[in-house]
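Me: I would like to learn how aromatic pairs are read in a model such as this one. Could you take me through the general idea and then the case at hand?

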Amino acid sequence: MEDRRRVAARRLRKARSGSYTPPESQPPQETPPHDGRPFVGRQELIGRLLRELTTARVLELHGPAGIGKSEIARRLTLLVGDSGATGGSGDAGGSSGSSGSSGTSSSGDMGIPDRPDRPEDSDRPEHSDRPDDPERPAHPAHTDTPVHWLPVSESAHRPEVPLLKLLGRLGVPPSELRASLPDFPDATPGELVEVIRRELRRRPAVVVADGVPAGRPGAGLLTSLTDAVRGTAGLIVATSGESHADSVRSLPSHAVPPLTEEQGAEFLGLPTTERHPLVRASHGFPLFLRLAESLLREVRAGVADSAVAQALDVALYGAGGGRPVPRTPDDLFALSRRALTPRADALLTLLAQLEMEDLPDAMTDVLGGTGPFRELSYRGLLQRPRPGHWRLPLALRELVTPRRTPGERLRSRELVEGAIAGALARTRTPAWSDIESLVLLAARTLHSADPLARDCAPRLARDLGRRNDLSTLLMLRSSTLRHPSFDLPLAAVARQTGDITLATRLLRSHGDHEDARLELVENLRHSGLLDQATARLDGAPKDVAPGWQLHLRAALDCDRGAPAGAAALLRRAVETHQVAGSEHGEAWAAYHYGRLRLLIGDADGAAERLRFARGLFHRLDERRGVAWADTALARVLLLRGDRSRTVPALRRAVDGHRATDDPRGRAWTGYYLALALADEGSPDLASAELDRTVTLFRTVRDDLGLAWALHHRALLRPVAGGTLREALEVFWRNGSLNGLAWTLLELGAREADEGRLRSARGFFDLAGDEAGTYWTDLVAATLAGDGPGRARALKELCRFHPPGLLEGIGHPPPPGDGGQLPPLFGYMARGLPDAGLAPDLSADSGRRPARHRVALPPRAARYTVPEPLPEPPAPTPPAPPRPDVESHVRLTLLDDDVFCDVTARIALRVEPGPGHPWAGTGDLPLLRVHAVPLTNADVEPAHSVPVRPASDGCEFRLTPHRTGPMRVRFTIEHRDSGSVLQQVETELDVRPAALLPPAPREA
């Protein structure tokens, strides 16, 4: 055990760096507001509980379902915590309390704020374990103390599930949670309690454990929560059906009594002296008083033909007919149900069979739309426990199907669950507003007979893994009794949070599983072991995830610095993902396409594809992808030489990776930040940033990033030959062709070693980097004093680089004159002696002295594999236009005008002239049309659209998000060859939405 703790402590020290923002999948942290009516009959109990909280860390409210325990807990948290930071409220028994609120408010009325960023670890105070510590607050009765609502009744059979749910509420970073579990992914309640206690010491909070079950499961959970708040300033308020005071030591437990008849009359807004039959029938339970309130509302509205109104005439007004008077809560429920439409009654039965605590809004369409839900809410049968959720109270659930055996209930529930899970599996993306209910549903349907329903849990696990939502993923795994299929997403989280070794161990337990092979390829790529990753990818079956294989292979080619053929692979990958309906795969393929354009020096093409990828990541709510796209977009600014914007953009990207707990993303972004700082003229800052980056690359075991960081750190320190040799050794290990070539070129120039220069040229040839071979020729000619050879190399380099990049290289200073080249060249070190000139290392290297001081290639040449620049066209007189043999693109706006945030339609048609080969009626080629907004707007469809010449064309939907001119670019390609035939740009004037004419009113 001691060894396991030591391992966990070591992992935790590595994980505790940076700031983490929890994913938006956690429930909105807000309590639904009440309607302002007085809190009836509970003031004395609230006062007694507040006095109790001055000395106790945990207290319990117990009573039957529907008695109002959760509303009391909610009112209590409003007094001791921050109501704007709570995770919603609700009663395990279904009551929203005794405040008299109608329980029909919608999530649109809540004004849910954005979840605040998690503060830096160094800014969080640590509280002592000693109870007499003067810095330890007596209780968290402060307005900024967060309140976390924790429904637990459905997950109590696995004690770690509610604890993991609480960890998700608290926002513990996945790397910290992973490092705290010695036997990850297995987690014991004791280990989770330690993590919760540590977090509550940093950020005290109030936790409401709502619906704690009776007996041993509830006692175990309360014991764990009591241990979690010991020595902290946190509070636990628990609600349960029975008291646990006998089984949990020193637990203050308070019974919640029913309301008196006078209080019930006040609740309904009736005279307190009136002994109303509906008040007596409720037995003082706020839940059933709400049903009575709904019935009274209908009677007061004068709905004479209503069956409910006629049934209540006898009880309320003495009308004839001899109908029975409601005397019990069951009678009130029966009257309320009698008033339901058939659709609402069917939904009520279905919800009772489903036996779920909370139902997210995402399931309303699957279950028949919002209409029946609103009707049940109007009748008081369905409640809004927190924004975005519906709840059928437990007390009412038992009344819907009172005489069914456990076996019948299980069979009915499985049928309903299978239908819902199957419908959800057909949707492209899950609802991320709160997935806890989806986790429960997915766990229940893992062994369903319906294959679509059975795929719900693995699909949800994959999405959770991509989002680094470790606490919810572990909760899903625990709910399914540690099903082994979740090891692959857990390995993805381990990799994305910086533990490649753990990720590999989890994947190897699956042997030659097809999906595990691709994950292992990704592991090897993240480790920078490019040759091993390629070899393993070559052995994968071609029919398994073909889109992912294609863009993984292209990504490996880009990492290796050999981009020839990567463009064709990525085009096929995008189309394969589109055909498969994988927007997630399409987003990553588009991102790698942007990386490819960066590698070949095409800043404009890279920016276009990266903006598309970022928009898709944002729509899928994948923040890790957004952060990587932001890093690449900042690299576009670096490539363009926009120094004033590059450094701030990269710092923002670093914050994005820190918020998603992605240390590898932080390392690569820090590496590019160092390059930008050096370009900006801050060598000391750049050197310090590279030192941090080298340490981070070693921590995450990324050999490729480590080698490049060492390479550029040596450029900042011209005498650091040992660092260059270390970089060369790492490049040999990972198989990066352009890394080997540039490092050998650097060492060859510094040491005047012709053998290294020949090796560098060979690696440039292998990578297909023609410009790199000419840089080698330039250095070799300079060392040999070969003036004509220098001239030939410079002439060839002019075909690949813009003139500004080569300025000054054609006129090197004569040997020994002490001159310097402009600081654009060489070692990223402005102000250092001989910056940009190769130093003489012959004294310690044993090499012969260089005959000439050599101007080394600029930085921009080192991280690109440029294609030849287009040759300027020869001036020729313009040809006369011949409309008869030309093919034109006709754009037609199908709406009268274009308004901000309103979708407009535009049609595109290819019209060949009479003399054009496409003008005939033969077999016309199939073209592809892409539409890309050049201003702030959305275009649908986002993918290419097939079209044939002289046909009806195609239609795009444009949604501008700002007024003024909107520009859109349309690209027409030949589908089979991929050749771009024509690009057309159009500009539309976007008017304010306030000028949109009103819709015509019906007569």
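Reply: Let us start from one ring: F617 has a relative accessibility of 0%, so F617 counts as buried (under 20% relative accessible area, with a 1.4 Å probe and protein chains only). This is a predicted model, in which local features need pLDDT of at least 70 and side-chain atom pairs count only at pLDDT 80 or more, while totals for chains, interfaces and linings use all residues. Residues are numbered from 1 along each chain as its sequence is written, and side-chain values use heavy atoms, with hydrogens and water left out.

Me: Which ring pairs with F617, and why is the pair edge-to-face?

Reply: A pair of aromatic rings is described by the distance of the centres and the angle of the planes. Rings of Phe, Tyr and Trp (its six-membered ring) pair if their centres lie within 6.5 Å, and planes under 30 degrees apart count as stacked, over 60 as edge-to-face and the rest as tilted. The structure holds 13 aromatic pairs; in one of them the centres of W588 and F617 are 4.8 Å apart and the planes stand at 65°, so this pair is edge-to-face. Because W588 belongs to helix 27 and F617 to helix 28 (residues 603-619), the pair ties together parts 29 residues apart in sequence; helices here are DSSP runs (H or I, at least four residues), numbered from the N terminus.

Me: Is W588 buried or exposed?

Reply: W588 has 9% relative accessibility and therefore counts as buried.

Methods. Helix = DSSP H or I, 4+ residues; strand = E, 2+ residues; numbered from the N terminus. Buried < 20%, exposed > 50% of the residue type's maximum accessible area, 1.4 Å probe, protein only.
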